[in-house]
Amino acid sequence: EFFKEPVKLVEDQLYPIPNYGSANTPFYTVLCLWVGALLLANLLKTDVHPKDMKEEYSIRHVYLGRLVLFLIVGFLQGLIVSVGDLLILGTYAANPVWFVIFTVIIAMMFMTMVYTIVSIFGNIGKALAIILMVLQLSGAGGTFPIQVAPAFFQAINPFLPFTHAINILREAVGGIVPHVVWMSFLYLFLFFVASLILGLVLKKPLTPWLKKTAEKSRSSRLVD
């Protein structure tokens with residue numbers, strides 16, 4: 001018996017997750033929210049059509065007005081994704097209500113970030129949002145611990161929105177530690193506020209340059 005079982009292992013699971021799929025849900029849910037925001041920014045215009053533009057509309061009015069529409073869609077997206085995870089895919093969550101609430105908040109924050117990038121930089125912003133998504137796939141530690149990633153991704157890990165969004169949803173799935181949730185939301189809120197400030201400050205001075213760039217792109221007949 002000693003040679004067969006020299007060590008008796010006693011397990012005490014603090015935050016048990018019953019299956020691998022549920023453990024990966026935070027990463028793929030966060031990725032889904034970012035991709036959804038990116039697709040919406042490609043489908044809907046971030047500016048007002050010239051026929052609907054009025055003299056009393058300022059650049060900031062256009063930015064904030066369109067943002068409201070994007071946030072409404074972001075809210076619905078977060079609600080559908082989170083409820084779908086729980087009811088359709090059967091994902092385990094120790095705190096399902098908080099999982100839905102956290103997902104909706106993250107969806108609206110991501111929508112603001114992507115919308116701002118695309119609103120300020122146009123087609124260039126769409127490319128930047130895609131590049132940022134690719135960096136976050138490897139640098140956020142969503143599938144493997146960030147400690148086993150290359151040094152570059154370890155360095156940028158704290159500065160990626162995915163990192164903190166995944167941490168928040170992991171708390172809802174495995175069991176909530178309030179301090180971790182508050183700190184992660186604080187970092188995400190800083191990204192959210194920075195996006196709003198950039199949109200309100202840079203939208204106006206960059207608009208003439210963006211119009212010239214868009215006209216040159218259309219003249220090539222390669223870009224709509």
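Select Arg170 to begin: this residue is partly exposed, with a relative accessible area of 33%. That value falls between the limits of 20% for buried and 50% for exposed, which is why the term "partly exposed" applies. The model on the screen is a predicted one. Arg170 belongs to helix α6.

Next, display the surroundings of Arg170. Setting aside residues up to four places away in sequence, Arg170 touches Pro26, Gly141, Gly142 and Gly175. Then pick Ser22 and compare positions. Arg170 and Ser22 stand 148 residues apart along the chain, and their C-alpha atoms are separated by 9.5 Å.

**The whole chain**

Zoom out and switch to a cartoon view. How many helices and strands does the chain have? The secondary structure comes to seven helices and zero strands. Read from the N terminus on, the elements therefore follow the order α-α-α-α-α-α-α. Along the principal axes, the C-alpha atoms fill a box of roughly 85 × 35 × 30 Å.

Now turn on the surface. About 13600 Å² is exposed by the chain, and carbon and sulfur atoms supply 69% of that area. Of the 224 residues in the chain, 38% are buried. Consider also the contacts between residues at least 6 apart in sequence: 76% of these join residues at least 24 apart.

**An aromatic cluster**

Hide the surface and show the aromatic side chains. The count of aromatic pairs comes to ten. Select Trp34 and Phe110, which form one of them; the pair is edge-to-face, with 5.2 Å from centre to centre and 80° between the planes. Which parts of the chain does this pair link? Trp34 lies in helix α1 (residues 20–43) and Phe110 in helix α3 (residues 96–121), so that distant parts of the chain, 76 residues apart, are linked.

Are these two residues buried or exposed? Trp34 counts as buried because its relative accessibility is 0%. Phe110 also counts as buried, at 0% relative accessibility.

Keep Trp34 selected and add Phe162. The ring centres of Trp34 and Phe162 are 5.8 Å apart and their planes stand at 80°, so this pair is edge-to-face. This pair, too, links distant parts of the chain: Trp34 is in helix α1, whereas Phe162 is in helix α6 (residues 161–174), 128 residues apart. Both Trp34 and Phe162 are buried. With Trp34, Phe110 and Phe162 on display together, one can see the cluster into which ring pairs link them.

**Ala107 in helix α3**

Stay with helix α3 and select Ala107, which lies in this helix. Ala107 is buried, because its relative accessible area is 0%. Which residues is Ala107 in contact with, leaving aside its neighbours within four places in sequence? They are Leu33, Gly74 and Gly78. Select Leu71 as well: Leu71 and Ala107 are 36 residues apart in sequence, and their C-alpha atoms are 8.5 Å apart in space.

**The second largest pocket**

Move next to the second largest pocket, which holds about 230 Å³ of space. Its lining consists of 15 residues, and the closest to its centre are Met113, Ile117, Leu132, Ser195 and Leu198. Which elements give two or more residues to this lining? They are α3 and α7 (178–219). Colour the lining by residue class: 13 residues are nonpolar, two are polar and none is charged.

**Lys211 and Arg60**

Follow helix α7 to Lys211, which lies in this helix. Lys211 counts as exposed because its relative accessibility is 54%, and the limit for that term is over 50%. Select Gly122 together with Lys211; these residues are 89 apart in sequence, and their C-alpha atoms are 9.1 Å apart.

The last stop is Arg60, found in helix α2 (residues 59–88). Is Arg60 buried, partly exposed or exposed? Its relative accessible area is 38%, so Arg60 is partly exposed. Not counting residues up to four places away in sequence, Arg60 touches Leu200 and Lys204. Finally, draw a distance from Arg60 to Ile166. These two residues are 106 residues apart in sequence and, from C-alpha to C-alpha, 32 Å apart in space.

Conventions:
Residues are numbered from 1 along each chain as its sequence is written. This is a predicted model: local features need pLDDT of at least 70, side-chain atom pairs count only at pLDDT 80 or more; totals for chains, interfaces and linings use all residues. Side-chain values use heavy atoms; hydrogens and water are left out. Rings of Phe, Tyr and Trp (its six-membered ring) pair if their centres lie within 6.5 Å; planes under 30 degrees apart count as stacked, over 60 as edge-to-face and the rest as tilted. Helices (H or I, at least four residues) and strands (E, at least two) are DSSP runs, numbered from the N terminus. Buried means under 20% relative accessible area, exposed over 50%, partly exposed in between (1.4 Å probe, protein chains only). On a 1 Å grid over the protein atoms alone, a cavity is a set of points where a 1.4 Å probe fits but cannot get out, and a pocket is an open set with protein on both sides within 12 Å along at least five of seven lines; lining residues have an atom within 4 Å of a point. Grid points are joined across faces, edges and corners, and a volume is the space filled by probe spheres set on the points. Ala, Val, Leu, Ile, Met, Phe, Trp, Tyr, Cys and Pro count as nonpolar, Asp, Glu, Lys and Arg as charged, and the others, Gly among them, as polar. Contact means heavy atoms within 4.5 Å. Accessible areas come from the Shrake-Rupley method with a 1.4 Å probe; for residues, only the protein chains shown count as cover.
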